Amino acid sequence: MPDVRTALTGPVAGFVRRRKEPVVTQTLRSTAAATISYVVALYAVDSTAPPLTAPLTALLVVQVTLYSTLTTGIRRVNSVVVGVLIAIGFSVLVGLSWWSLGLIILASLVVGHFVRVDEFVPEVAISAMLVLGVTQVADTAWDRVLETLIGAVVGLLFNVVFVPPVWVETAGDSIEDLARRMRRLLLLIGEELTHPTAVERAAARLHEARRLDNDVADVDAALRQAEDSLRLNPRVKEGLLHRIVLRTGLDTLEICAVVLRVLARTITDLARQRRDEALFTDEVGVALQELLGHVADTLVSFAVLVTTTTTGSADAAEARLTGELAAARTSRDNAADLLLQGVQEMPRHWQLYGALLTEIDRILDELDLDHRSRRLMEELDRHTREQRARRPRLSALLDRARGRKPRRSPAQ
């Protein structure tokens, strides 16, 4: 008979190992806030029925980041309070039946649009239905309102007192994983350049390149969460810089993924024209395989540089990326010379050869350090201009506090 402790240790240990993941953290935080709100409501509300509305509201209010709590928490509270008030009115007048349920859903959705709770309109109806199911006595109606306020206050205070963690590391891991998937695809493409490649196999690589769009979307979602966790977070001093570094890094990898898809299409077209024979001569195939290997390593080095937070590690990552770029460009020049010789011998493929080199050049240009520095400065300047245009008075006060002369907008 298996040991019970051993059976429980596996799932518990796995849960603990994943404690830094957003889903695990949000689960623990929501549970704690809901439990606290229930305990507070037990002592604050004089009711014979369990104060379940308080933990319900806390579950809806507690968010995974402080920024999302402050920006969406109030709308969530409004949606819950409005739903509770609607349910109170229905419970006093008609009670719960099939037609009153349909009527309360309709009324909640309509009122939700009028009170401007935006994306939380469905939660007005959800709260109304849940409260209607437990609020059948008019004397306890206002107890539900008090429970709702308790849950809302506990939920808001929980995220203010216990500030949610910063999800930069999680987003950084996602960016590095994306770069490594792109690296593996480039290496697979390179391995097939030295022998006959079936069109079906080349097309399979093209489909893999197209699936990178889904990976980019997943990384973008993780990055948006990380950006929210940096906003208004007292533990972060350079939140804006972190957000721009990660965002521009992902934008660069997204461009490289698009170019990689075009490169895979070029290889597929070449395989379609050269059926039952090698795509390139042995010498050219080996040179291109080496070149794609360097480009693949450059992608990973770039992702490591983007996600590195300490100065010493950033210097080492920058030096490594510089070396990889130099090796890739040297290998590119060698492959270009060999491809030129191949074009002279077999000119009918010169367009595909040229396209292949152009796509590789585009990836290397996107990963270039000078190009990245210019991109970062442009994004910082753009953000500064937007902030000044959005809050001109606050920007002027900050300039005066720092001893700077307030800037005038072009319209002035």
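In which helix of the protein is confidence lowest, and in which is confidence highest? In this predicted model, the lowest mean belongs to helix α1 (residues 4-17), at 46, and the highest to α11, at 90.

**Figure 1. Confidence across the predicted model.** The mean pLDDT of the protein is 77, with 75% of its residues at 70 or more. Over residues 1-17, pLDDT stays under 50, and the model has 2 contacts beyond four places in sequence for this stretch. Where pLDDT is low, the predicted coordinates should not be read in detail.

**Figure 2. The largest nonpolar core, centred on the view of Phe280 and Leu288.** This core holds 64 residues, of which Phe280 and Leu288 touch the most other members. Two or more residues each come from α8 (168-191), α9 (199-230), α10 (239-273), α11 (282-307), α12 (311-345), α13 (350-367) and α14 (369-390). Helix α10 gives the largest share, 14 residues. Apart from neighbours within four places in sequence, Phe280 is in contact with Leu193, Leu270, Arg274, Gly285, Leu288, Leu339, Tyr353 and Leu356. A second, separate core has 17 residues, among them Val80, Ile86, Val117 and Val124.

**Figure 3. Surroundings of Thr298 in helix α11.** Thr298 has a relative accessible area of 0% and is therefore buried. Beyond residues up to four places away in sequence, Thr298 touches Leu321, Glu324, Leu325, Ala328 and Leu367. Helix α11, where Thr298 lies, is also the helix with the highest mean confidence, at 90.

**Figure 4. Surroundings of Asp215 in helix α9.** Asp215 counts as buried because its relative accessibility, 18%, falls under the 20% limit. Not counting residues up to four places away in sequence, Asp215 touches Leu178 and Arg181. Asp215 and Leu178 are separated by 37 residues in sequence, while their C-alpha atoms are 6.7 Å apart.

**Figure 5. A nonpolar patch on the surface.** The patch is formed by Val92, Leu93, Val94, Trp98, Trp99, Leu103, Leu106, Val110, Val111, Phe114 and Val115, which together have about 1200 Å² of accessible area. Helices α4 (66-93) and α5 (98-114) are the elements that give two or more residues to the patch. The largest share, 7 residues, comes from α5. Trp99, one of the patch residues, is located in helix α5. With a relative accessibility of 44%, Trp99 counts as partly exposed.

Technical notes
Residues numbered from 1 in each chain as written. Predicted model: local features only at pLDDT ≥ 70, side-chain atom pairs only at ≥ 80, totals over all residues. Heavy atoms only, no water. Core = buried A, V, L, I, M, F, W, Y, C linked by side-chain atoms within 4.5 Å. Buried < 20%, exposed > 50% of the residue type's maximum accessible area, 1.4 Å probe, protein only. Helix = DSSP H or I, 4+ residues; strand = E, 2+ residues; numbered from the N terminus. Contact = heavy atoms within 4.5 Å. pLDDT = per-residue confidence, 0-100. Patch = residues over 30% accessible without salt bridge, like charges linked within 9 Å, V, L, I, M, F, W, Y side chains within 5 Å. Areas by Shrake-Rupley, 256 points an atom, 1.4 Å probe, with all protein chains shown as cover. Salt bridge = Lys/Arg side-chain N within 4 Å of Asp/Glu carboxyl O.
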